[in-house]
Amino acid sequence: MNPESHDNVSRLKQLKERPETERPGSRQARLQKKIKHSDIQWLALLLCVISQNIIWWVYPLIYSNNLAGGQWQHNPLLITYSIIIAIAIFLTFNRGFSRWINYVVILFPLLFLYFLYKQFTGQQVMLLALLPITLLLINISWLSLQNVLGLILYSGIATIVMPVVIFYQQNTYLTQPFIISLLPLFFSYLYFMSSVFVTQGRNKRLTSLIFGVILLLNVLTLPWNFWTILTIIIIIFTWMVLINFNLKQRYRMVFFTILQTLTIMVIFLQQN
């Protein structure tokens with residue numbers, strides 16, 4: 001055997017042996033990466049669920065407390081439902097639309113309505129059912145609701161359903177001023193969820209810019225202080241950085257939900 005053929009044979013042996021020696025390390029690296037990604041997703045889920053429930057619960061309770069006779073009415077079933085639907089919202093939007101697993105996730109809040117029906121009025125249960133039904137409709141691809149129309153539909157339902165039911169549970173009645181005061185929440189959903197529904201470059205930037213200006217105008221009507229300025233900075237930062245630089249899908253929900261919570265709490269807590 002000449003030297004050249006001997007070199008070729010040795011090279012072939014090295015190529016065959018290299019995957020075997022590198023495989024355990026690469027498998028371990030992939031496993032660690034997968035575990036780390038899983039930990040991040042669990043943390044993102046927890047933060048989103050907490051933030052979403054702060055958005056729904058804090059303002060109706062504060063508004064009810066300011067009314068004559070408004071008292072805290074403890075309702076474990078409604079709290080449980082709000083947690084379940086918040087989980088369904090995160091998993092649906094974080095995974096992407098029209099995936100079969102989304103339908104399984106949405107099924108849980110729909111089934112839980114059976115337990116609510118025993119303690120709530122039919123109108124309240126129907127109102128609560130609108131959220132999972134809306135999620136279901138958005139995930140049906142042939143309805144073409146994964147756009148601005150779907151964004152407006154989801155924003156309107158998410159604004160009305162939980163805050164209205166919570167307010168009614170606290171006071172056993174509903175007032176028009178309370179419903180009107182939820183407009184900033186509607187604007188915040190339109191803005192912060194815009195890049196979840198409209199994902200393409202120019203359309204995404206234009207849609208978020210329009211809804212961002214509307215939300216910004218609402219913020220400018222508040223008394224000027226440190227918190228108002230901070231809210232303006234959050235809105236501008238969200239558009240210029242997180243939306244324009246195309247934040248990865250798996251990070252969108254957690255970042256936008258937390259920023260929405262900070263923004264809407266400043267607005268609500270400064271309302272008269």
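How many helices and strands are there in the chain? The count is 11 helices and 0 strands, in what is a predicted model. The views below start with the whole chain and then go in on a few spots.

**View 1. The chain as a whole, built from helices.** Read from start to end, the pattern is α-α-α-α-α-α-α-α-α-α-α. The chain has 272 residues, and 44% of them count as buried. Take the contacts with a separation of 6 or more: 76% of those are between residues 24 or more positions apart. As for the outside, the accessible surface is about 15,200 Å², with 67% of that belonging to carbon and sulfur atoms.

**View 2. The largest nonpolar core and the residues that touch the most of it.** This core has 73 residues, and W56, F93, L131, Y154, M193 and F197 are the ones touching the most other members. Helix 5 (residues 148-171) is the top contributor here, giving 10 residues to the core.

**View 3. Y154 and its contacts.** Y154 is one of the core residues that touch the most other members. Which residues is Y154 in contact with, leaving aside neighbours within four places in sequence? The list runs Q52, I89, F93, L131, T134, L135, I138, Y189, M193 and F197. Among them, F93, L131, M193 and F197 also appear with Y154 in the group that touches the most other core members.

**View 4. Y59 and F178, a stacked aromatic pair.** The chain has 17 aromatic pairs in total. In one of them, Y59 and F178 sit 5.9 Å apart centre to centre, with 10 degrees between the planes. Why call this pair stacked? Because the angle of 10 degrees falls under the 30 degrees that sets the limit for stacking. The pair links distant parts of the chain, with Y59 coming from helix 1 (residues 3-66) and F178 from helix 6 (residues 176-180), 119 residues apart. Are these two residues buried or exposed? Both Y59 and F178 are buried.

**View 5. The aromatic cluster around that pair.** Y59 and F178 belong to one aromatic cluster, along with Y63, F167, Y173 and F268.

**View 6. L269, out on helix 11.** L269 has its place in helix 11 (residues 249-270). Why does L269 count as exposed? Its relative accessible area is 55%, and the cut-off for exposed is over 50%. Across the chain, V58 is 211 residues away from L269 in sequence, yet their C-alpha atoms are separated by 9.4 Å.

Technical notes: Residues numbered from 1 in each chain as written. Predicted model: local features only at pLDDT ≥ 70, side-chain atom pairs only at ≥ 80, totals over all residues. Heavy atoms only, no water. Helix = DSSP H or I, 4+ residues; strand = E, 2+ residues; numbered from the N terminus. Buried < 20%, exposed > 50% of the residue type's maximum accessible area, 1.4 Å probe, protein only. Contact = heavy atoms within 4.5 Å. Areas by Shrake-Rupley, 256 points an atom, 1.4 Å probe, with all protein chains shown as cover. Phe/Tyr/Trp six-rings, centres within 6.5 Å; stacked < 30°, edge-to-face > 60°. Core = buried A, V, L, I, M, F, W, Y, C linked by side-chain atoms within 4.5 Å.
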